[in-house]
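Biologist: I'd like to learn how to read a model like this one. Can we go through it feature by feature?

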Amino acid sequence: MEIIVGKTAGFCYGVKRAVEGATTQAIQEENQSIYCLGEIVHNKEVIKKLENLGIKCIETIGEANGIVLIRAHGVPKELYEIAKKMNLTIQDFTCPNVLKVHKIADEYRKKGYFIFLLGAKNHPENIGTLSYCGQDCYIFEEEEEFSKAFEKFEKTGKKKLLLISQTTYSLEKFEKIQEKLQKQIKADIEVVIKNTICRTTELRQKETVELAKKVDTMIVIGGKNSSNTKKIYEIAKKNCEHTILIENAEELNLKTENIRKIGIMAGASTPKESIDEVITAIQAK
């Protein structure tokens with residue numbers, strides 16, 4: 001039996017930066033209270049390790065007292081001002097790709113554009129991005145919601161429209177909505193389309209397609225609450241019928257008798273240790 005691990009599986013740059021930064025902060029400030037506003041990344045194993053170092057995850061800024069870590073997903077812009085008024089020390093580990101989306105949204109809002117933001121409405125990253133979009137925006141995730149979004153845009157009477165997305169959004173979905181928009185738009189409307197899906201996400205999604213097509217079984221490792229992991233699972237499942245999603249080796253329930261090739265892909269928040277443990281568990285069967 002052959003096990004093929006995706007080259008892009010595991011921590012992306014933004015997650016690695018956030019986790020290493022939080023770990024260093026905890027070690028350097030071991031006698032101070034350190035809080036993280038939300039989960040620094042969507043992975044239980046990582047969160048558990050950081051909690052053992054003394055970092056406490058909180059849901060609201062009002063619970064903090066001392067040092068506050070900003071997660072890789074980012075936060076709404078007003079929280080920086082609130083933290084300042086509370087005399088909190090901010091350590092910002094927002095992914096640079098997310099900060100880039102914030103900058104684009106803010107720039108085009110000031111220029112009077114209506115903004116389409118593609119992604120999950122309740123995802124932490126998008127909650128932060130929406131704070132830079134202003135009133136004239138619409139967030140949606142599926143192609144079927146496009147008509148409703150476009151109707152809202154037309155009702156505003158605006159003649160300028162920006163299309164952006166969550167950094168971990170599906171490239172396939174982005175391209176389909178982009179095509180739909182280009183067909184729908186009238187000559188008097190100025191449209192700016194910016195593919196804000198991060199490069200690592202694009203490569204991971206493309207590699208998942210290729211890998212899933214040449215194996216008998218796909219194992220996707222990552223947090224069940226991780227948006228990018230769910231997308232990888234959906235892509236893998238589409239191209240390999242026998243695809244499973246697990247968070248760690250303990251959840252692995254796999255009969256390997258008739259399997260010749262197993263493909264392994266992991267989400268951007270999945271540590272290397274989790275991938276290695278799954279490989280060890282497969283080899284032990």
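Biologist: How far apart are the mean positions of the positive and negative charges of the protein chain?

Modeller: Keep in mind that this is a predicted model. You average the places of each kind of charge, then compare the two points. Here the 44 positive and 41 negative charges have mean positions 4 Å apart.

Biologist: And how do I read the overall fold?

Modeller: Start with the secondary structure, then check the size. The protein chain has 10 helices and 12 strands. Its radius of gyration is 21 Å, close to the 19 Å from the globule rule for 285 residues, so the chain is as compact as a globular protein of that length. The C-alpha trace spans about 65 × 55 × 20 Å along its principal axes.

Biologist: What share of the contacts between residues at least 6 apart in sequence join residues at least 24 apart?

Modeller: That share is 71% in this chain.

Biologist: Why look for nonpolar cores?

Modeller: Because in soluble globular proteins, nonpolar side chains tend to be buried together. In this chain, buried residues make up 51% of the 285. The largest nonpolar core has 26 residues, and Met218, Ile219, Ile221, Ile264 and Val278 have the most contacts inside it. Helices H8, H9 and H10 and strands S10, S11 and S12 each supply at least two residues of this core.

Biologist: Which residues does Val278 touch, leaving aside neighbours within four places in sequence?

Modeller: Val278 is in contact with Ile219, Ile221, Ile246, Asn248, Ala249, Leu252 and Ile264. There's also a second, separate core of 19 residues, including Val19, Ile34, Val41 and Ile55.

Methods. Residues numbered from 1 in each chain as written. Predicted model: local features only at pLDDT ≥ 70, side-chain atom pairs only at ≥ 80, totals over all residues. Heavy atoms only, no water. Helix = DSSP H or I, 4+ residues; strand = E, 2+ residues; numbered from the N terminus. Rg over C-alpha atoms; globule rule 2.2 N^0.38 Å. Buried < 20%, exposed > 50% of the residue type's maximum accessible area, 1.4 Å probe, protein only. Contact = heavy atoms within 4.5 Å. Lys, Arg positive; Asp, Glu negative; His and termini not counted. Charge placed at Lys NZ, Arg CZ, Asp CG, Glu CD. Core = buried A, V, L, I, M, F, W, Y, C linked by side-chain atoms within 4.5 Å.
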